[in-house]
Amino acid sequence: MGKDQTVLFHSTIFGPIRSRRLGVSLGVNLLPNDGKICSFDCVYCEAGYNRQGFGTTGMPSRQQTRDDLKAKLEAMKAAGDSLDVITFSGNGEPTLHPDFAGIVDDVIALRNEFYPNAKVSVLSNSTRIGDEKVAEALMRVDNNILKLDSAITPTMRLIDKPTSPDFNSEQLIEQLSKFSSQCIIQTMMLRGEHEGKVIDNTTDDEINALIDAYKKIAPKEVMLYSIDRSTPEENLKKVEIDELRKIAERFEAAGIKVQVN
């Protein structure tokens with residue numbers, strides 16, 4: 001079953017924090033601040049499994065999100081604080097918010113007003129990119145970071161545990177290819193076990209399938225990383241940085257730009 005881990009963000013706007021991938025990042029959490037809502041149930045999610053529930057606060061409104069972000073940016077600007085990026089992240093999948101597209105527009109407008117040199121990033125699990133409004137909104141941000149943990153469906157479903165029984169890697173790769181250079185692909189490399197099944201997306205078959213997928217998608221770059229914090233599935237192993245770099249070299253030899261974190 002795994003442990004009942006809960007590491008949640010308890011506000012709509014959080015941070016700033018120093019992201020190992022993005023720099024000084026101010027977070028935007030469009031999910032409840034006392035629960036989790038996600039279309040994946042990843043074995044490695046630091047926020048824990050979905051079984052912890054949705055909580056009681058509900059999703060913040062578009063107006064609340066705008067007001068909270070404006071107040072935070074005003075305070076940071078007055079204090080002379082630096083900011084590299086505003087990142088949609090938080091307690092689940094941000095694109096599940098019904099006003100996601102409008103909130104993206106609000107965040108871009110506030111960024112332009114207070115920190116015009118900062119980037120707007122979205123960390124998404126890619127499950128909603130088939131929705132036209134979501135896809136168009138993602139095309140408007142600076143860093144459209146979309147997940148692909150395995151190009152082989154059984155492995156992807158074992159790692160990411162999508163809530164949809166029909167979600168598969170083949171269809172996902174096809175949808176990701178529509179973004180091409182306007183997306184960054186994020187891939188978590190890991191090994192271990194879950195419910196008696198072996199997890200390993202570092203094998204030759206997995207790497208070769210990812211190379212084929214990356215070539216088809218043609219993203220701006222690939223972010224390659226591994227476990228950095230406690231995970232709800234306890235039987236997972238981090239892929240160390242030296243091995244990540246060797247995997248990255250195989251991708252780069254195929255003409256793929258890779259950032260290792």
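In this predicted model, helix H1 crosses helix H2 in a right-handed sense. H1 covers residues 62-79 and H2 covers residues 100-114; the two pack at an angle of about 15°, and their axes lie 10 Å apart. Because angles under 35 degrees count as roughly parallel, H1 is described as roughly parallel to H2. On the H1 side, the contact is made by Arg 62, Thr 65, Arg 66, Leu 69, Lys 70, Leu 73, Glu 74 and Lys 77, which meet Gly 102, Ile 103, Asp 106, Val 107, Leu 110 and Phe 114 of H2. Sorted by class, this contact holds six nonpolar, two polar and six charged residues.

The loop that runs between strand E3 (85-89) and H2 is home to Asn 91. Asn 91 has a relative accessible area of 0% and is therefore buried. Its side chain is not without a partner: the side chain of Asn 91 reaches the backbone oxygen of Pro 32 at 2.8 Å.

A further helix pair is formed by H5 (residues 169-176) and H6 (residues 204-217), which pack at an angle of about 30° with axes 8 Å apart. That angle makes H5 roughly parallel to H6. H5 passes H6 in a right-handed crossing. Here Ile 173, Glu 174 and Leu 176 of H5 meet Ala 213, Lys 216 and Ile 217 of H6. The classes in this contact are four nonpolar and two charged residues, with no polar ones.

Conventions: Residues numbered from 1 in each chain as written. Predicted model: local features only at pLDDT ≥ 70, side-chain atom pairs only at ≥ 80, totals over all residues. Heavy atoms only, no water. Axes fitted to C-alpha atoms, helices over the stretch in contact; angles between N-to-C directions. Helix = DSSP H or I, 4+ residues; strand = E, 2+ residues; numbered from the N terminus. Parallel < 35°, antiparallel > 145°, perpendicular 65-115°, else oblique. Left-handed = near helix turned anticlockwise from the far one by under 90°. Contact = heavy atoms within 4.5 Å. Nonpolar A, V, L, I, M, F, W, Y, C, P; charged D, E, K, R; others polar. Buried < 20%, exposed > 50% of the residue type's maximum accessible area, 1.4 Å probe, protein only. Polar contact = N/O pair within 3.5 Å; in protein donor to acceptor, adjacent residues only side chain to side chain.
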